[in-house]
Amino acid sequence: MSELFNLVIKSAFMDNMIFAYFLGMCSFLAVSKKVSTANGLGLAVIFVLSCTAPLNWLIQKNILDEGALSWISSDFATIDLTFLQLLMFIAVIASFVQLVEMIIEKFSPALYGSLGIFLPLIAVNCSILGGSLFMVQRDFNIQEATAFGFGSGLGFWLAIVALAAIREKLKYSHVPNGLKGLGITMLLTGLMGLAFKTFIGMTL
Amino acid sequence: MSTEIQEKEVVKIKQSESLISKRRRKILVDPLDDNNPISIQVLGICSALAVTIKLEPTIVMSISVVFVMIFSSLITSMIRNYIPVRVRIIVQLAIIATLVTLVSEFLKAFNYEMFKVLGAFVGLIITNCIILGRLEAYAMGNKPYDSVLDALGSSVGYAWIILVVAFFRELLGSGSILGWKVFEAVGWDTFPTNGLFVDSIGAFIILGLLIWAQRTRNGYIEN
């Protein structure tokens with residue numbers, strides 16, 4: 001259990017999706033103007049990441065890996081479908097996001113109202129697909145995959161809310177014209193990354 | 001009767017427009033500077049930063065993106081009238097994912113070392129917002145040839161930015177260009193390489209400064 005907890009902490013801070021791997025940068029930069037919207041997107045990412053990581057794990061281990069299909073019949077033991085990995089993963093993510101959107105719309109219109117716009121955006125958030133690909137690369141088991149997905153989402157939420165808070169304050173400062181908007185945000189992200197770097201070297 | 005006349009007129013307009021007319025040149029050149037996908041439209045930043053530690057993987061990445069971009073635009077534009085509006089995102093993602101799989105299998109077969117360096121980031125071309133953004137905004141509503149020009153412009157606009165970032169990161173972070181030790185060749189053996197530029201932080205800062213320089217030059221101001 002403590003190993004799983006360590007993995008959550010590790011993927012949220014040391015291997016932060018944004019500062020260590022640059023994943024999910026597009027929505028990180030585009031949706032970080034206000035804390036409340038950033039918070040909504042962050043929570044949605046946590047949810048989708050911690051669900052799609054184990055889902056894709058099941059698909060990888062039971063369908064795509066070489067010999068994984070042998071549970072159907074021993075004739076399939078030599079089939080290797082790993083080349084379909086990208087297509088399957090993105091299909092799972094896109095349809096899962098669609099499904100979640102429909103369920104939330106049906107059962108909790110209030111939540112849908114506050115979250116609704118960000119849900120479709122998540123399908124093309126690199127950190128979701130990246131989470132699934134890294135999980136395969138690192139050979140996790142299903143509990144670890146879930147913990148990794150949750151931790152990565154947590155790291156994304158933390159980073160986007162922090163950046164949004166800084167940018168809200170930034171409105172009152174004088175920034176050179178050419179640096180306004182994206183430029184100053186990039187420099188800010190660099191400085192935030194520097195802060196997150198202090199976690200490197202910590203062993204759990 | 002009237003539709004016949006209209007069709008004839010459409011054909012006429014087609015013939016009168018040269019292969020590289022002024023309008024088309026604008027489609028091609030605009031995304032290089034004034035409407036650059038990375039520095040002005042803020043799209044596709046993820047992969048722009050992840051692979052730019054060294055110049056060589058960046059070149060491979062640029063070529064892959066140009067390839068995927070052009071062919072996904074061509075295919076989407078050719079079948080745009082048959083794609084149901086409600087499921088268009090999934091159709092577009094499927095087209096992109098197929099092409100990216102092609103690139104990734106090609107790299108695996110012919111340049112396995114590079115495939116290992118790029119790792120998951122080849123797969124992440126799928127979620128490169130530039131591609132989906134251009135398909136959605138341009139290829140879904142325009143003719144194949146124009147869409148290909150637009151795709152070429154946008155992907156080259158993306159490529160030059162990541163190549164510049166990679167150039168500075170490799171130069172300052174590893175003291176080399178394409179693996180060739182520049183400073184040792186000049187005779188400056190003690191050049192202090194800066195680990196910050198190998199790290200993600202250097203990429204953010206170089207891109208931030210590059211955007212500053214470019215926007216100062218073309219006068220774009222973001223509100």
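Is F67(B) buried, exposed or partly exposed? Partly exposed, with a relative accessible area of 30%. The cut-offs explain the label: buried means under 20%, exposed means over 50%, and partly exposed lies in between. One caution before I go on. This is a predicted model.

Let me stay with F67(B) for a moment. F67(B) sits in helix α4 of chain B. Set aside its neighbours within four places in sequence, and F67(B) is in contact with L99(B), L102(B) and V103(B). Now look along the chain. F67(B) and A151(B) are 84 residues apart in sequence. Their C-alpha atoms are separated by 9.5 Å.

Next, chain B as a whole. Chain B has 12 helices and two strands. In sequence order the pattern reads α-α-α-α-α-α-α-α-α-β-β-α-α-α. So where do the strands fall? After nine helices, with three more helices following them. Along the principal axes, the C-alpha atoms of chain B fill a box of roughly 80 × 40 × 35 Å. The chain has 223 residues, and buried residues make up 49% of them. The accessible surface comes to about 11,300 Å². Carbon and sulfur atoms account for 65% of that surface. What about contacts along the chain? Take those in chain B between residues at least 6 apart in sequence. Of these, 74% join residues at least 24 apart.

Now a buried residue. T52(B) lies in the loop between α3 and α4 of chain B. Why is T52(B) called buried? Because its relative accessible area is 0%, and the cut-off for buried is under 20%. Which side chain does the side chain of T52(B) meet in a polar contact? That of R169(B), at 2.8 Å. R169(B) is also among the residues T52(B) touches, once those up to four places away in sequence are left out. The others are T58(B), I162(B), V165(B) and A166(B).

On to the interface of chain B and chain A. Chain B puts 41 residues into the contact, and chain A puts in 39. The area buried between them is about 3,400 Å². Carbon and sulfur atoms give 80% of that. In chain B, C46(B), T127(B) and F204(B) lose the most area to chain A. Together they make up 19% of what that side buries.

How many salt bridges cross this interface? One. The side chains of K197(A) and D199(B) meet in a salt bridge, at 3.2 Å from N to O. Three residue pairs are in polar contact across the interface, both partners at pLDDT 80 or more.

Which elements of chain B supply at least two residues each to the side that touches chain A? They are α3, α5, α7, α8 and α12. Helix α12(B) gives the most, with 12 residues. By class, that side of chain B has 27 nonpolar, 10 polar and four charged residues.

Last, a backbone point in chain A. D139(A) is not a glycine, yet D139(A) has a positive phi of about 60°. Where is D139(A) found? In the loop between α8 and α9 of chain A. D139(A) counts as exposed because its relative accessibility is 60%, and the cut-off for exposed is over 50%.

To recap the three residues. T52(B) is buried, F67(B) is partly exposed, and D139(A) is exposed.

Notes:
Residues are numbered from 1 along each chain as its sequence is written. Chains are lettered from A and ligands numbered from 1 in the order in which they are written. This is a predicted model: local features need pLDDT of at least 70, side-chain atom pairs count only at pLDDT 80 or more; totals for chains, interfaces and linings use all residues. Side-chain values use heavy atoms; hydrogens and water are left out. Contact means heavy atoms within 4.5 Å. Buried area is the accessible area (1.4 Å probe) that two parts lose on being put together, summed over both. A salt bridge is a side-chain nitrogen of Lys or Arg within 4 Å of a carboxyl oxygen of Asp or Glu. A polar contact is a pair of N or O atoms within 3.5 Å; within protein, one must be able to donate a hydrogen and the other to accept it, and residues adjacent in sequence count only if both atoms are side-chain atoms. Helices (H or I, at least four residues) and strands (E, at least two) are DSSP runs, numbered from the N terminus. Ala, Val, Leu, Ile, Met, Phe, Trp, Tyr, Cys and Pro count as nonpolar, Asp, Glu, Lys and Arg as charged, and the others, Gly among them, as polar. Buried means under 20% relative accessible area, exposed over 50%, partly exposed in between (1.4 Å probe, protein chains only). Accessible areas come from the Shrake-Rupley method with a 1.4 Å probe; for residues, only the protein chains shown count as cover.
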